[in-house]
Amino acid sequence: EDDFQFLLCEGCRQESPNLKLLTCLHTLCLGCLSKNKPVGQCPVCSMAIPQASGIPDMDNLLFTNLQARLKVYKQIIDSADIFCDNCGKSGEFWCSECFEFLCTKCFEAHERYLRWESHRTKRVMDIRAGPAKDFLESIRRAGSLSCSNPDHKGQPVSIYCQRCEKALCCSCALLDNHHAPFRDIRGETRRRQEELSSMDRELRRRRDGFEATYASLQGEAARLEEEQREMRELIRQRVEQLVRLIRQEEEELVGLVEARQEQGRQELARELRRVEGVLRRMEAGERLVEKMSLYATEQEVMDMQPFIKGSLQELQRLQLPVAMDRVEPFAECRARLQAL
């Protein structure tokens, strides 16, 4: 099973009798191609499909025929009873050309009437005893070409026309003067296979360069991911550092505000006490002068007036505190906040 996974559709990984060969050499079934999105593009490698419908014209005949041959092999391996396709009796032989099972009697008739043909038969027991690769190899050796002229399908083919690039039987080569020059079909088959093998070897050499480039691009992608991860981590660290610095500045500014507030409060409290003392002195002076005018004798006026006068003159010399001249207590805080 594992040796023949390459026969499955490269899209759905299922067996299919309708396998198409794309120009990118990927093989897909009609089901996958009909559901393919976007249309006109290989779902495996994204190469463009030339046909407007998105369905290639080329069938993968190799994979389709291999599936049919392996189906016969699986039937031989799995089925205890094989029946002749002609008479229904027990099948003992299998013809790779007719693709049919034969009983002993039908096999003898088959050999008698087709002894001049290239039909090769094998015993079912021998096929069952061997691996699938031997079974396929025997079919490959027994396989024969057919003439490109549908009327000559049964004719043996041994000639290749280089002009029309087709396999011909002797009748076509002799009767149709449009065909020339000729070449041995077996030699042309070998030449084509060798040409493909040579191209494959050249592609294998070139593949080393593409694999190196692919590895380099993968390394670049990995480096890009690593640099992105490192940059995100650096951003996170720097932002955290900035947040710590801002929090530290916040604490310092709040402390400065509280210090300035406490300093201003103390200064205002001293000023309030001083003004409050002046007001009390003024109230005391007003009461004393009032009482002097109401109740003092002349002798008391003469004795106390100089002292009271001096105190009142001192009060008159006091200046009112000007609130507009006070310095802004939070100016430094505002400047540092603005700078931050």
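Tutor: Helices and strands are DSSP runs: at least four residues for a helix, at least two for a strand. This is a predicted model. By that count, the protein chain has nine helices and eight strands.

Student: What box do the C-alpha atoms of the protein chain fill?

Tutor: Roughly 175 × 50 × 35 Å, taken along the principal axes. Now set the radius of gyration beside that. A compact globule of 340 residues would have one near 20 Å. The protein chain has 55 Å.

Student: How much of the protein chain counts as buried?

Tutor: Of its 340 residues, 21%. The accessible surface comes to about 25700 Å². Carbon and sulfur atoms own 54% of that surface.

Student: Now the sheets. How do strands of a sheet pair?

Tutor: Through backbone hydrogen bonds, either parallel or antiparallel. Here, three strands form an open sheet in the order β4-β3-β5, and the pairing is antiparallel.

Student: Why is one side of β4 and of β5 left without a neighbour in the sheet?

Tutor: β4 (100–102) and β5 (121–123) stand at the edges. Each has a single partner strand, so one side stays free of a neighbour in the sheet. On average, neighbouring strands of this sheet are turned by 30° against each other, direction ignored.

Student: How many bridges join β3 to β5?

Tutor: Three, with β3 covering residues 93–95. Find W94 there; its bridge partner in β5 is K122.

Student: Which helix lies across β3, β4 and β5?

Tutor: Helix α3, residues 104–113. Its direction is at about 110° to β4.

Student: Which strands does the hairpin join?

Tutor: β6 and β7, with four residues between them. Look at E165 in the turn: its phi is positive, about 60°. β6 spans residues 157–161 and β7 spans 166–169. They pair in the antiparallel sense over four bridges. V157 stands opposite C169 in β7.

Student: Let's read one residue. Where is N60?

Tutor: In the loop between α1 (30–34) and α2 (61–78).

Student: Is N60 buried or exposed?

Tutor: The cut-off for buried is under 20% relative accessible area. N60 has 6% relative accessibility, so N60 counts as buried.

Student: Which residues does N60 touch, not counting those up to four places away in sequence?

Tutor: L19, K20, L21 and T27. There is also a link to F63: its backbone nitrogen lies 3.1 Å from a polar atom of the N60 side chain.

Key:
Residues numbered from 1 in each chain as written. Predicted model: local features only at pLDDT ≥ 70, side-chain atom pairs only at ≥ 80, totals over all residues. Heavy atoms only, no water. Pairing = 2+ DSSP bridges. Axes fitted to C-alpha atoms, helices over the stretch in contact; angles between N-to-C directions. Contact = heavy atoms within 4.5 Å. Rg over C-alpha atoms; globule rule 2.2 N^0.38 Å. Buried < 20%, exposed > 50% of the residue type's maximum accessible area, 1.4 Å probe, protein only. Areas by Shrake-Rupley, 256 points an atom, 1.4 Å probe, with all protein chains shown as cover. Polar contact = N/O pair within 3.5 Å; in protein donor to acceptor, adjacent residues only side chain to side chain.
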